[in-house]
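Trainee: Please take a close look at the empty space inside this model, and tell me which residues line it and what is worth checking around it.

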Amino acid sequence: MTLRFAANLSWLFPELPALPARLEAAAAAGFGAVEAAWPAGCPAQALRTAAERAGVRIVLLNTPPGDPEKGEMGLAAVPGRQDAFRQGLAAAVQYARAVGCPRMHLIAGRVPLGADRAAVAGEMETTFTENLRYAADLLAQEDMIGLVEPINNRITDPRYFLNTPHQAAAILEKVGRPNLKLQLDLFHCQIMDGNLSRNLETYFPLIGHIQIAQVPGRHEPNSPGELNFPYLFELLESLGYTGYVGCEYAPKGDTLEGLGWLRSYWESRGLQHSGTSKAAE
């Protein structure tokens, strides 16, 4: 099974200011799918129109981050912010429905400023579990999948609550909803645990979405770093992965020039890279 790649519009094509323009650039580069964080400032109709015109699927969005000025990055696990999370979730579902997006990353959030992680871990897990059950039931009405993503707290976000696939899997088991899955970003997983081959095999039944970036620079997969992406791509194919692989990395230079790794992948699988139909197969 050839892998399907999604351009992350919040990271790729930063030289273009608007999401619809980035989506069109992704389509022109051969992507058949895109993903984005919370698309603040971009009307849903504008993004949907661009996607339909380009023949591209929007496959992943995030719930709103909360109040960045207060240091928030997600609310799903933050005690006392349940109402705000649910309001943001409702807005995100409405937006996702409008653009035809079937997956939603339910951002866990950060340990509150000044709090000891160990002291609040139990309360945060309880809050997260309750909010995930609420979200799963709401998303099921829309035939959508909810995703939880472990984010490393060694480099990227020291206060983020959800950090490892093991922690995420335990919470998903406790929540017990079939439309909640694991969003596994190999960048974060490598930093926290490594052992990517075994982790992919172990957690494969839970995985609903994958993202990639080289470690430690978080640049293109073929930039210098720790990860052997040709091997990892073959492993995902051998496991029978049929979801999307989100390209959530910071281009070292021009986005298009940095896509040589993707063109090489397509060529090695006998695919063309001049049109979206071949890119999405």
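Mentor: I will begin with the enclosed space and then move outwards to the open spaces and the backbone.

This is a predicted model, in which local features need pLDDT of at least 70 and side-chain atom pairs count only at pLDDT 80 or more, while totals for chains, interfaces and linings use all residues. Residues are numbered from 1 along each chain as its sequence is written, and side-chain values use heavy atoms, with hydrogens and water left out.

The average pLDDT (the predictor's confidence in each residue, from 0 to 100) is 95, and 97% of the residues score at least 70. The stretch 274-281 falls below 50, although beyond near neighbours in sequence it has 20 contacts in the model (heavy atoms within 4.5 Å).

One cavity of 30 Å³ or more is found, a cavity being a set of points on a 1 Å grid over the protein atoms alone where a 1.4 Å probe fits but cannot get out, whereas a pocket is an open set with protein on both sides within 12 Å along at least five of seven lines, and lining residues have an atom within 4 Å of a point. The largest cavity holds about 30 Å³, a volume being the space filled by probe spheres set on the points. Its lining consists of P150, N163, P165, Q183, L184, D185, H188, C189 and M192, with strand 6 (180-185) and helix 6 (186-192) each giving at least two of the lining residues; helices (H or I, at least four residues) and strands (E, at least two) are DSSP runs. By class, five lining residues are nonpolar, three polar and one charged.

Among these lining residues, C189 deserves a closer look: at 3% relative accessibility it counts as buried (under 20% relative accessible area, with exposed over 50%), and it is in no disulfide, since the nearest cysteine sulfur, that of C247, is 17 Å away. C247 is itself buried, at 0% relative accessibility, and its sulfur lies 16 Å from the closest cysteine sulfur, in C101, which is too far for a bond. Over the whole structure, zero disulfides (cysteine sulfur atoms within 2.5 Å) are found.

Turning to the open spaces, the largest pocket has a volume of about 420 Å³, and of the 26 residues lining it, A37, N62, M73, I151 and E248 are the closest to its centre. Its lining comprises 11 nonpolar, nine polar and six charged residues. The second largest pocket holds about 160 Å³; helix 8 (229-239) and helix 9 (260-268) each supply at least two of its lining residues, and the lining as a whole, which includes F233, W261 and Y265, divides into six nonpolar, three polar and two charged residues.

Helix 8 also bounds, with strand 7 (207-212), the loop that holds P216, and a cis peptide bond with omega of about 10° joins V215 and P216. Two residues other than glycine have a positive phi: F13, near 55°, and D143, near 60°. F13 sits in the loop between strand 1 (4-8) and helix 1 and is buried at 4% relative accessibility, whereas D143, in the loop between helix 4 (117-141) and strand 5 (145-148), is exposed at 70%. Helix 1 (residues 19-28) has seven of its 10 residues buried, so it is largely enclosed by the rest of the structure.

How values were computed: Nonpolar A, V, L, I, M, F, W, Y, C, P; charged D, E, K, R; others polar. Buried < 20%, exposed > 50% of the residue type's maximum accessible area, 1.4 Å probe, protein only.
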